[in-house]
Amino acid sequence: MANKNLNAAKEAKKDEFYTQLEDINNELRHYKEHFRGKTVLCNCDDPRVSNFFTYFAYNFEFLGLKRLITTCYKNQNMDLFSQNKCEQAIYLIYDGDKNGNNIPDPEEIGIHPLKGDGDFRSRECIELLKQADIVVTNPPFSLFREYVAQLMEYEKKFLIIGHQNAIHYKEIFPLIKQNKIWLGYGFKGGAGHFISDYEDKATAGDHREGMIRVSGVHWFTNLEIKKRHEDLILYKTYSPEDYPHYENYDAIEVSKTADIPFDYEGAMGVPTTFLDKYNPDQFEILGLAEGDLGKELGLRPFNRELKKLNKSLRDGQLFYMKEGYPQKPYSRILIRKKQ
Ligand SMILES: C[S@@+](CC[C@H](N)C(=O)[O-])C[C@H]1O[C@@H](n2cnc3c(N)ncnc32)[C@H](O)[C@@H]1O
């Protein structure tokens, strides 16, 4: 249901939901060493409502930051859910505590008007991006492709929130494959509660007042983290009975990441949740068996007879035979163990 809600929000380009300070804290505690002497930019953040601004302003000295820049997209009203009706956007610069009270006082924060609406793609916001070393925010999910493309173009370090759907984007997956982006530590249970006035469809036990629950959210980053170099412990042994071979690609089906056999040297199809455990020293990513990316991998197309047996088969996807029928596993990443 939460996914449905997200999709509906995305269609309507409803990007107004806000990250909790607790979630920012939980992730950022793993990255402290990256921030010393750095300029941080939060470029989708109304400082009056963004906990990213709060986090960096209040932890400025603790992290040893050089400068904090925050840009605000049109949202000038004190009302949290103002839907960006105001025209004037601003940016803020904070260079740390001056009066010794370790608190970002209003007189220590420089507030400057922006000429345009504060769109992260605008020339003036790009000028601010150029000054930044690390960009940290929860950007609009509806503009995620463009947002990441811009970070890559300007070769910025970043830590941003996105939806797991983004892993499947043809613009994003190749970056993951090339080890230019990876997943951070993440949200508990893979779901986040965001401050919002959208209707929450979460089940009663999971409902929190004034929030929407969004399942399948991740932190995406290109900052080094320990997790990314921890080996996944493999304990299963390979047998052809337990691991069917695909009919249209030379690889075996592994339906759970935990079941990756330690003694199989060839290609394996694993669920996309594998990325949460991916260590590039241990595994190589060969590709995503989906649509055009699957076709690029050279997956053989289906013949008519097979399609008659299973109408849901699509070219660019993997399949294997079980009791005479072609079985199509849900989205698979093809990987291989490194020697
Ligand atoms: C998912 S919200 C997150 C807000 C804030 N970063 C946080 O995590 O609390 C995305 C924010 O991006 C802003 N936004 C939407 N389009 C934008 C654009 N083109 N440029 C900059 N910000 C934009 C929205 O107004 C919204 O506040």
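**Exercise 1. Describe the secondary structure and the overall compactness of the protein.**

The protein has nine helices and 16 strands, where helices (H or I, at least four residues) and strands (E, at least two) are DSSP runs numbered from the N terminus. Its radius of gyration is 22 Å, close to the 20 Å that the globule rule gives for 339 residues, so the protein is as compact as a globular protein of that length; the radius is taken over C-alpha atoms, and the rule is 2.2 Å times the number of residues to the power 0.38. This is a predicted model, in which local features need pLDDT of at least 70 and side-chain atom pairs count only at pLDDT 80 or more, while totals for chains, interfaces and linings use all residues. Residues are numbered from 1 along each chain as its sequence is written.

**Exercise 2. Work out how helix α5 is oriented, and which strands its buried residues pack against.**

Begin with burial: in α5 (residues 123-131), Cys125, Leu128 and Leu129 are buried, that is, 20 or more other C-beta atoms, placed from the backbone, lie within 10 Å of their own (12 or fewer for exposed, in between for partly exposed). Seen down the axis, these buried residues fall within an arc of 105°, so they line one face of the helix; the arc is that of the directions from the helix axis to the C-beta atoms. The face turned away carries the exposed residues Arg123, Glu127, Lys130 and Gln131. Finally, the buried residues of α5 pack against β1 (39-42), β2 (67-72) and β3 (90-94), a contact requiring C-beta atoms, placed from the backbone, within 7 Å.

Definitions and conventions:
Two residues are in contact if their C-beta atoms, placed from the backbone, lie within 7 Å.
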